[in-house]
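Got the viewer open and a selection box ready? Let's walk through this one stop by stop.

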Amino acid sequence: MMTEFYSRKEPVRYEGPDSTSDLAFRWYNPDQKVMGKTMREHMRFAVAYWHTLCWPGTDPFGGDTFMRRWHHLGDEMAAARMKADLMFETLELLGIDFFCFHDLDIAPEGKSLKEFNANVTEIAKVFEKKMAAKNKKLLWGTANMFSNRRFMAGAATNPDPDVFAYCAAQVKHCLDVTKDLDGANYVMWGGREGYETLVNTNIGQELEQAKRFLAMVVEYKHRIGFKGPILIEPKPQEPTKHQYDYDVATVFATINALGLKEDVKVNIEQNHAILAGHTFEHEIALAAALGIFGGIDINRGDYQSGWDTDQFAMNVPEMSLAFLEILKAGGFTTGGLNFDAKIRRQSIDPDDILHAHVGSMDACARGLLIAAKILEEGKLGRIVSERYAKWSEPKNRAMLEGRETLESIAARVHAEGIEPQPKSGQQERIENLLNSYI
Ligand code: XUL
Ligand code: CO
């Protein structure tokens, strides 16, 4: 039975590119095969609890614009149950298989950690029944260690060891619950893991704390038999002035130093990539090259604003470049595309939530189709392979494989009179080729 929240009562259907419906999939066709997998298997879309059901439309200058009933009930557990109903209704209407949550999104904190844990467990039991009945899955769970004032100076990197200890207890419970719900991954985003000013900060000490915390999370994951990876979500700043998990490269340094490449990967968010001064596709390609590509928070940042606007991703050329990298990386295994995206503050009609997801799922589907065509036709791939072709010659392979030294190479350069001949990078020619697919 549907609630009264959405005016739409039937799942949104695929109607093809020529559809004139106001609300239909034009490109996302879940059962359509693309490079051997269905679109549904490729995408692994997830609805994010926090933006869709928790954010009331506030901004730094104004309050609640959405006026959702559950924010004004006065009974927090009743509100939590109402949100749980609506999450599964949203998944059903959108034909989305997964959802994601922070512990604090799903249940109230109460007066103690004990009470909070109990509330989270109670709502997780509600999820368990609904997940089984509606065949829905958890993409990932995560602990909110940034909203409460106790985290204002950091979570695991707080100067106060009591906060570090509190975080250990909170993550332990959230990981237990994620495992009980058969979550595919567990995410760690360190919004307050960083500093506001160096005048009161010991970076070295804080980084030690962050590393020990991560190592303990991985140890515990193995102890309870949680199969999914831990995904660190990089972000350079906001809310903290400087965040330690700045970008993929910085996170890799930590993972590699701890020898945790098998257990810890990254969850890359478009808006975080551009805040770090990168493109979305750069972060995906780098993670894949370093062997730590996990999942994606799919959204879109504003190129003028210096903050995390978390808009729904609608830019087809950008999605095409992102999917090109995702497909080249072999696609998702445990990860997926989590809609860490919020409707605008003026989009106060509940159905706006559906329009936003459907439009962005279509933009992703178009990106996937374009990327698959580029890969299947192979023209771009051939241009790139051609550029690196000489590396497969035995004398050049020997340089990479440790069979040559600076001296031996220098001797060969002089003996053969090697004089490199510059070749065109053909950027515009390749961009024309890309545009021919879009
Ligand atoms: C914040 C952000 C988080 C993480 C999960 O910018 O992206 O919502 O995705 O904590
Ligand atoms: Co995110």
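Start towards the end of the chain and select glutamine 426, which counts as partly exposed at 26% relative accessibility. Its phi is near 55°, a positive value in a residue other than glycine. You'll find glutamine 426 in the loop between helix 15 (406-416) and helix 16 (427-437). One thing to keep in mind as you click around: this is a predicted model.

**Zoom out: two domains**

Now colour by domain. The protein chain splits into domain 1 (33-377) and domain 2 (391-437). If you put a marker at each C-alpha centre, the two markers sit 40 Å apart.

**Another positive phi**

Jump to arginine 44, in the loop between helix 1 (39-43) and strand 3 (45-48). Arginine 44 isn't a glycine, yet its phi is positive, at about 50°. Is arginine 44 buried or partly exposed? It counts as buried, with a relative accessibility of 18%.

**The cobalt site**

Next, select ligand 2, the cobalt ion, and show its protein donors. Glu233 (OE), Glu269 (OE), Asp297 (OD) and Asp340 (OD) coordinate the cobalt ion at 1.9 to 2.1 Å. What arrangement do the donor atoms make? There are 6 donor atoms around the cobalt ion, and they subtend angles of 81 to 170°, so the arrangement is octahedral. For reference while you read off angles, ideal values are 90 or 180 degrees for six octahedral donors.

If you'd like to find the donor residues by pattern, their spacing in sequence is E-x35-E-x27-D-x42-D. Take the glutamate pair: glutamate 233 is in the loop between strand 8 (230-232) and strand 9 (242-243), while glutamate 269 belongs to strand 10 (residues 264-269). They are 36 residues apart, and the pair links distant parts of the chain. Switch on a surface coloured by accessibility and glutamate 233 shows up as buried, at 3%. Glutamate 269 is buried as well, with a relative accessibility of 1%.

**Ligand 1 and its surroundings**

Stay in this region and select ligand 1. The residues around ligand 1 are Trp50, His102, Trp140, Trp189, Glu233, Lys235, Glu269, His272, Asp297, Asp308 and Asp340. You've already met Glu233, Glu269, Asp297 and Asp340 as donors to the cobalt ion.

Draw some distances to the oxygen atoms of ligand 1:

- From histidine 102, a polar side-chain atom lies 2.7 Å from an oxygen atom of ligand 1.
- From aspartate 297, a side-chain N or O atom is 2.9 Å from an oxygen atom of ligand 1.
- From lysine 235, a side-chain N or O atom is 3.0 Å from an oxygen atom of ligand 1.

**Follow lysine 235 outward**

Keep lysine 235 selected; it is buried, with a relative accessible area of 5%. Its side chain meets that of glutamate 238 in a salt bridge of 3.3 Å, N to O. Glutamate 238 counts as partly exposed, at 28% relative accessibility. Add Asp308 to the selection: salt bridges with shared partners join Lys235, Glu238 and Asp308 into one network.

While you're here, check the backbone after glutamate 238. The peptide bond joining glutamate 238 and proline 239 is cis, with omega about 15°. Proline 239 is in the loop between strand 8 and strand 9.

**More salt bridges**

How many salt bridges does a search of the whole structure find? The count is 17.

Select aspartate 85 and lysine 130, whose side chains form a salt bridge at 2.5 Å, N to O. Aspartate 85 lies in helix 3 (residues 76-94) and lysine 130 in helix 5 (residues 113-134), so this pair ties together parts that are 45 residues apart in sequence. Aspartate 85 is partly exposed, with a relative accessible area of 34%, whereas lysine 130 counts as buried at 19%.

For a final stop, pick lysine 172 and aspartate 176, a salt bridge of 3.0 Å, N to O. Both are in helix 6 (residues 161-180), and because they are 4 residues apart there, about one helical turn separates them. Here lysine 172 is the partly exposed partner, with a relative accessible area of 41%, and aspartate 176 counts as buried at 18%.

How values were computed
Residues are numbered from 1 along each chain as its sequence is written. Chains are lettered from A and ligands numbered from 1 in the order in which they are written. This is a predicted model: local features need pLDDT of at least 70, side-chain atom pairs count only at pLDDT 80 or more; totals for chains, interfaces and linings use all residues. Side-chain values use heavy atoms; hydrogens and water are left out. Domain bounds come from an automatic or database domain assignment. A salt bridge is a side-chain nitrogen of Lys or Arg within 4 Å of a carboxyl oxygen of Asp or Glu. Helices (H or I, at least four residues) and strands (E, at least two) are DSSP runs, numbered from the N terminus. Buried means under 20% relative accessible area, exposed over 50%, partly exposed in between (1.4 Å probe, protein chains only). Donors are N, O and S atoms within 2.8 Å of the metal (3.2 Å for Na, K and Ca); water is not among the atoms, so sites may look incomplete. Four donors count as tetrahedral if all angles lie between 85 and 135 degrees; four count as square planar and six as octahedral if opposite donors are over 155 degrees apart and all others between 65 and 115; anything else is irregular. A residue is near a molecule or strand if one of its heavy atoms lies within 4 Å of it. A polar contact is a pair of N or O atoms within 3.5 Å; within protein, one must be able to donate a hydrogen and the other to accept it, and residues adjacent in sequence count only if both atoms are side-chain atoms.
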